[in-house]
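Colleague: Could you take me slowly through one part of this model, starting from its surface, and then show me how that part sits within the whole?

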Amino acid sequence: MGEDELQELAKVITCKEDFIAFLGHLIADGRETPDKWENANAVSYIDGMRGYLMDTKEEDSENRSINWPRLAGVMLAARVYE
């Protein structure tokens, strides 16, 4: 799956199942094209997320919101979840 397809999938996430499917595609992309990933390990990936959030405005032009505490909880759990 190419970059454009991943970008389109990200735009149409409306529920947990969509997000899980998106993560599956993102994982597959990382495994299939690791040379295209600047942040290929978990720590650098999280650092990239942090940097992106710091450098972009917290606006959502499509009026969808992120449940920030839930996302943080999922990321914390993923550190140790097998």
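**A patch on the surface**

Modeller: Tyr52, Leu53, Ile66 and Trp68 together make a nonpolar surface patch of about 430 Å², and since this is a predicted model, that area describes the prediction. Of these four residues, let us take Trp68, which is placed in helix H4, the helix running over residues 68-78. Trp68 counts as partly exposed because its relative accessibility is 35%, and partly exposed covers the range between under 20%, which is buried, and over 50%, which is exposed.

The helix that holds Trp68 also deserves a word on confidence, for H4 has the lowest mean pLDDT among the elements of the chain, at 88, while helix H2, residues 16-32, has the highest, at 94. For the protein chain taken as a whole, the mean pLDDT is 88, and 91% of the residues reach 70 or more. As a general caution, predicted coordinates should not be read in detail where pLDDT is low.

To place the patch in its setting, it helps to step back to the whole chain, which has four helices and zero strands and follows the pattern α-α-α-α when read along the sequence. Its C-alpha atoms fill a box of roughly 35 × 30 × 25 Å along the principal axes. The accessible surface of the chain comes to about 7,300 Å², and 56% of that surface belongs to carbon and sulfur atoms, whereas buried residues make up 9% of the 82 residues.

Charged side chains can be followed in a similar way, and the structure holds one salt bridge, formed by Glu8 and Lys11, whose closest N and O atoms are 3.5 Å apart. Both residues lie in helix H1, residues 3-11, and they are three residues apart, about one turn of the helix. Glu8 counts as partly exposed because its relative accessibility is 46%, and Lys11 is also partly exposed because its relative accessible area is 43%.

Finally, the segment before H1 contains Met1, which counts as partly exposed because its relative accessibility is 42%. Leaving aside residues up to four places away in sequence, Met1 touches Leu6, Leu9, His25, Asp29 and Glu32. Met1 and Met54 are 53 residues apart along the chain, and their C-alpha atoms are separated by 28 Å. Looking at contacts across the chain between residues at least 6 apart in sequence, 33% join residues at least 24 apart.

Terms used. Residues numbered from 1 in each chain as written. Predicted model: local features only at pLDDT ≥ 70, side-chain atom pairs only at ≥ 80, totals over all residues. Heavy atoms only, no water. Patch = residues over 30% accessible without salt bridge, like charges linked within 9 Å, V, L, I, M, F, W, Y side chains within 5 Å. Areas by Shrake-Rupley, 256 points an atom, 1.4 Å probe, with all protein chains shown as cover. Salt bridge = Lys/Arg side-chain N within 4 Å of Asp/Glu carboxyl O. Helix = DSSP H or I, 4+ residues; strand = E, 2+ residues; numbered from the N terminus. Buried < 20%, exposed > 50% of the residue type's maximum accessible area, 1.4 Å probe, protein only. pLDDT = per-residue confidence, 0-100. Contact = heavy atoms within 4.5 Å.
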